[in-house]
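Hi,

Here is the structure I promised to pass on. Have a look at it first, and my notes follow underneath.

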Amino acid sequence: GIFMMFWLFSFNIGFIFFLNFFNMVMANLVYEQRAYRISNNLIELTSMTSMYWAIHACFAKPFNGVGTIIGTYVIETAGYGGDNDESDFKNLSSQTKGKVQYALFQLTTWFMFITSIIQYIFFRNYDLE
């Protein structure tokens, strides 16, 4: 599963699928919220779509900024970057290349694990009925 995801992302196909899936999820959330409000005789909100996009932006924008800082810290700590030959990956020693690749693997793995746990904590209270 994960290998296939990375392989698709290498061709930018995975990114296209992700964007389409995300838009489908947003549309379904808007539809479900509207149906719920109508069935319970609640006031219809003017723009459910903008509300969901605003909530998404509240979480996505800060993580975009923090992610680049954490990523830069991790690869610089592993030995990649700097003023001289350290800025070109081809010029690094094999030991440093291994450290950088391992650090990036750890960063990706821990990021997916932590975000999966956070999603589980938030979504375990909801059923799909």
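**What I found**

The chain has four helices and zero strands, so if you walk along the sequence you read the pattern α-α-α-α. Keep in mind that this is a predicted model.

On to the inside. Of the 129 residues in the chain, 12% are buried. The largest nonpolar core is made of five residues, namely Val 74, Ala 78, Leu 92, Val 100 and Ala 103. Val 74 is a good place to start looking: once you set aside its neighbours within four places in sequence, Val 74 is in contact with Ala 103 and Leu 107. Ala 103 therefore turns up twice, as a fellow member of that core and as a contact of Val 74.

As for contacts across the whole chain, take those between residues at least 6 apart in sequence: 26% of them join residues at least 24 apart.

Now the outside. The chain exposes about 10900 Å², and carbon and sulfur atoms supply 66% of that area. There is also a nonpolar surface patch of about 1100 Å². Its residues are Trp 110, Phe 113, Ile 114, Ile 117, Ile 118, Tyr 120, Ile 121, Phe 122, Phe 123 and Tyr 126.

Which helix holds Trp 110? Trp 110 sits in helix H4, which covers residues 94-123. Its relative accessible area is 48%, so Trp 110 counts as partly exposed. Patch residues need over 30% relative accessible area, and Trp 110 clears that cut-off with its 48%.

Cheers

Methods
Residues are numbered from 1 along each chain as its sequence is written. This is a predicted model: local features need pLDDT of at least 70, side-chain atom pairs count only at pLDDT 80 or more; totals for chains, interfaces and linings use all residues. Side-chain values use heavy atoms; hydrogens and water are left out. Patches are made of residues with over 30% relative accessible area and no salt bridge: like charges are joined within 9 Å, nonpolar side chains (Val, Leu, Ile, Met, Phe, Trp, Tyr) within 5 Å. Accessible areas come from the Shrake-Rupley method with a 1.4 Å probe; for residues, only the protein chains shown count as cover. A salt bridge is a side-chain nitrogen of Lys or Arg within 4 Å of a carboxyl oxygen of Asp or Glu. Helices (H or I, at least four residues) and strands (E, at least two) are DSSP runs, numbered from the N terminus. Buried means under 20% relative accessible area, exposed over 50%, partly exposed in between (1.4 Å probe, protein chains only). A nonpolar core is a set of buried Ala, Val, Leu, Ile, Met, Phe, Trp, Tyr and Cys residues joined through side-chain atoms within 4.5 Å. Contact means heavy atoms within 4.5 Å.
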